[in-house]
Amino acid sequence: LVILASYNGEKYIKEQIDSILSQEDVDLDIKIFDDVSTDNTLSVLECFKNNDQIEIIQNPIRSGSAANNFFNAIKNNNFNHIDEYDFIAFADQDDIWLPRKLKAASEMLTLQHSDLYCSNLILWDEQTNNEMIISKSYPQKKYDYLFEGGSAGCTYVFTNEFYLGLKDILKSVNYTEWKYFSHDWFVYFYARINDFKVSIDSN
């Protein structure tokens with residue numbers, strides 16, 4: 001299951017969804033949570049309305065941030081048959097996924113018996129067309145989770161069991177007023193403080 005948080009993403013979102021639908025060797029569904037976009041995001045998404053793999057959910061009121069949008073999607077929505085999904089992934093609206101992203105994640109999670117996967121990523125500068133690898137695959141330190149996430153949240157893939165535990169804890173934590181709140185950090189913090197195994201892909 002891919003959870004995509006959108007807000008005023010008309011410029012990039014179609015290309016991102018196309019890259020997700022082009023993932024190799026995995027079966028997937030996408031649930032898009034639109035945070036009351038004021039541009040043409042919903043119009044762009046119209047081209048996917050007949051795609052059975054995609055569901056578009058419009059938030060009744062704006063959550064105010066990508067972090068809130070992602071976590072509200074987990075906390076407030078009872079996905080039907082969530083147990084049918086082996087893995088859940090976060091997707092940003094303005095990324096492009098390489099074709100084997102989800103395959104690589106699911107294989108590493110399975111082979112290493114891990115709960116949370118994250119990876120390195122490529123920063124693409126639109127102005128110069130330059131690409132730069134952002135390395136996140138550093139050795140984990142004892143208290144690294146107090147200061148930052150394991151990687152960007154857009155690289156996170158996690159197991160069904162991890163998802164259910166995260167959903168429970170989100171119901172008891174009032175994070176909406178935390179200044180500079182980061183869902184990337186909170187997910188990694190939750191994983192490490194509860195002794196879930198995290199795999200950080202050097203690719």
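The exercises below, each with a worked solution, concern a predicted model.

**Exercise 1. The order of the sheet**

Find the order in which the strands of the open sheet lie, and identify which strands stand at its edges.

Solution. Begin with the order: seven strands form an open sheet that reads β3-β2-β1-β4-β8-β5-β9, and the pairing within this sheet is mixed. Next, look for strands that pair on one side only, and these edge strands are β3 (54-58) and β9 (198-201). Finally, following the sheet from one strand to the next, the twist averages 20°.

**Exercise 2. The neighbours of β4**

Work out whether β1 and β4 run parallel or antiparallel, and do likewise for β4 and β8.

Solution. Take β1 (residues 2-6) to start with: four bridges join this strand to β4, and the two run parallel. A residue to look for here is V2, which stands opposite A89 in β4. Then turn to strand β8 (residues 157-159), which pairs with β4 in the antiparallel sense over three bridges. In this pairing, I88 has F158 in β8 as its bridge partner.

**Exercise 3. A helix on the sheet**

Determine which strands helix α1 touches, and what angle its direction makes with that of β1.

Solution. Locate helix α1 at residues 13-21, where this helix packs on the sheet and touches β1, β2 (30-34), β3 and β4. Then compare directions: that of α1 makes about 175° with that of β1.

**Exercise 4. A hairpin**

Describe how β6 and β7 pair, and find the residue of their hairpin that takes a positive phi.

Solution. The strands β6 and β7 pair in the antiparallel sense, with five bridges between them. As one example of a bridge, L123 has M132 in β7 as its partner. Four residues lie between the strands of this hairpin, and N129 takes a positive phi near 65°.

**Exercise 5. Two pockets and their linings**

For the largest pocket and the second largest pocket, find the volume and state which element gives the most residues to each lining.

Solution. The largest pocket has a volume of about 920 Å³. Its lining is made of 26 residues, and those closest to the centre are I96, W97, L98, L121 and I122. At least two lining residues come from each of α4 (101-111), β5 (116-119), β6 (121-125) and β7 (130-134), and β6 gives the most, with four residues. Sorted by class, this lining has 13 nonpolar, five polar and eight charged residues.

Moving on, the second largest pocket has a volume of about 320 Å³. Here 18 residues form the lining, and L1, V26, D27, D86 and F87 are the closest to the centre. Two or more residues of this lining come from each of β4 (87-92) and α4, and α4 gives the most, with four residues. The classes in the lining of the second largest pocket are 11 nonpolar, one polar and six charged.

**Exercise 6. Aromatic pairs**

Classify the pair formed by W185 and F189, and explain how these two residues are placed along helix α6.

Solution. The description of a pair of aromatic rings rests on the distance of the centres and the angle of the planes. For W185 and F189 the centres are 5.0 Å apart and the planes stand at 40°, so this pair is tilted. Both belong to helix α6 (residues 183-193), where they are separated by about one helical turn because they are four residues apart. Y190 and F196 form a pair that is tilted as well, with 5.4 Å centre to centre and 40° between the planes.

Terms used:
Residues are numbered from 1 along each chain as its sequence is written. This is a predicted model: local features need pLDDT of at least 70, side-chain atom pairs count only at pLDDT 80 or more; totals for chains, interfaces and linings use all residues. Side-chain values use heavy atoms; hydrogens and water are left out. On a 1 Å grid over the protein atoms alone, a cavity is a set of points where a 1.4 Å probe fits but cannot get out, and a pocket is an open set with protein on both sides within 12 Å along at least five of seven lines; lining residues have an atom within 4 Å of a point. Grid points are joined across faces, edges and corners, and a volume is the space filled by probe spheres set on the points. Ala, Val, Leu, Ile, Met, Phe, Trp, Tyr, Cys and Pro count as nonpolar, Asp, Glu, Lys and Arg as charged, and the others, Gly among them, as polar. Two strands pair if DSSP finds at least two bridges between them. Axes are lines fitted to C-alpha atoms, for helices over the stretch in contact, and angles run from 0 to 180 degrees between N-to-C directions. Contact means heavy atoms within 4.5 Å. Rings of Phe, Tyr and Trp (its six-membered ring) pair if their centres lie within 6.5 Å; planes under 30 degrees apart count as stacked, over 60 as edge-to-face and the rest as tilted.
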